[in-house]
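Trainee: I should like to go through the helix packing and the nonpolar cores of this model. May we begin with the structure itself?

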Amino acid sequence: MKREKVKRITSIGGQALMEGIMMRGPLKSTVGVRKNDGSIELEEIKPLDLVKKHKILRLPLLRGVANMIDSLVTGNKALMLSADKAMEGEEVTEEEMTKFDKWLDKHFGDKMVNVIMTVAMVIAIVFCIAVFFFVPTLLFNWLAMAFPAIGEQMIWRSAFEGIVRIILFLVYMCLCTLQKDVRRVFQYHGAEHKTIFCYEKGLELTVENVRKQIRFHPRCGTSFIVLMLIVGILIGLFIPFTNTWLRSAVKILLLPVTVGIGYELIKLCGKHDNVITHIIAAPGVWMQHITTKEPEDDMIEVAIAAMKDVIPENGEDLIQ
């Protein structure tokens, strides 16, 4: 897909939330949420800023791991904040609450949603580790038992495991689009990308101008995940172990290396526009056909409001 021609390349990025968007600028980060009454509420959120606080974390590879940790922590905080804002005003009657709901409400009160989302995120991380690291290795070992000659070739092992992970990720994303709430998050994801493209092209941030932009951006988190999966295939070539548990454990230990390389590649794609970066970004851009959807006008309005709030006046957001 041809890259959108832009006048500036900004460092501003974002994240789709529940009925909202977080925009992260060089000086501040803002969460914009569409509330039940139709209004847009903006609230500044404080990221960890590990790279800014510790010079050693600015080194290549290390900055990727630091930014990943920052994104996970800040992103989860923003997601819980958006859930609180989006659900303000919604009342659940006693009849609609189950005994478990009443127990949660009694013990956690207003923090119930945050607790549930935190627990769900922990479960999701554990599940992803099990599925993406353990299952592919186990499947190949079963295959190697039937075809011993294949099991001796590390290149086939690594390629098989990588392809299985990509297929699992693809299936998971497709299943997510079947859920109405997740599909709306994907629409806000599209609004985020379109708004950033509009700004990078030097156009006035209006709903009309934003809607004209494409929704596939080279600096997207989806592209980052896809690049990590591909890098994981290459790293797997250098792991000599075949035991399912040992090989999975080593891959988990090498995850910071995978993250670091993936980050450098996504940073390269966001900064440069040439044939090489187009090839590197292509798998992730293709995957964005699933993780981004065309937004509604009111979603674009939220993205614009959050974007305007983080744009510095002195041009510090531009990538040199």
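Trainee: How are H9 and H12 oriented to each other?

Mentor: This is a predicted model, in which local features need pLDDT of at least 70, side-chain atom pairs count only at pLDDT 80 or more, and totals for chains, interfaces and linings use all residues. Residues are numbered from 1 along each chain as its sequence is written, and side-chain values use heavy atoms, without hydrogens and water. Helix H9 (residues 221-236) and helix H12 (residues 275-291) pack at about 130°, their axes 8 Å apart; axes are lines fitted to C-alpha atoms over the stretch in contact, and angles run from 0 to 180 degrees between N-to-C directions. Angles under 35 degrees count as roughly parallel, over 145 as roughly antiparallel, 65 to 115 as roughly perpendicular and the rest as oblique, so H9 and H12 are oblique.

Trainee: Which residues of H9 make the contact with H12?

Mentor: Contact means heavy atoms within 4.5 Å. H12 contributes Ile280, Pro283, Gly284, Val285, Met287, Gln288 and Thr291. From H9 come Thr222, Ser223, Val226, Leu227 and Ile230.

Trainee: Which helix supplies the largest share of the largest nonpolar core?

Mentor: A nonpolar core is a set of buried (under 20% relative accessible area, 1.4 Å probe, protein chains only) Ala, Val, Leu, Ile, Met, Phe, Trp, Tyr and Cys residues joined through side-chain atoms within 4.5 Å. The largest has 19 residues, and Ile21 and Tyr188 are among those that touch the most other members. Strand E2 (20-24), helix H7 (180-200) and helix H13 (297-310) each supply at least two residues. The largest share, eight residues, comes from H13.

Conventions:
Buried means under 20% relative accessible area, exposed over 50%, partly exposed in between (1.4 Å probe, protein chains only). Helices (H or I, at least four residues) and strands (E, at least two) are DSSP runs, numbered from the N terminus.
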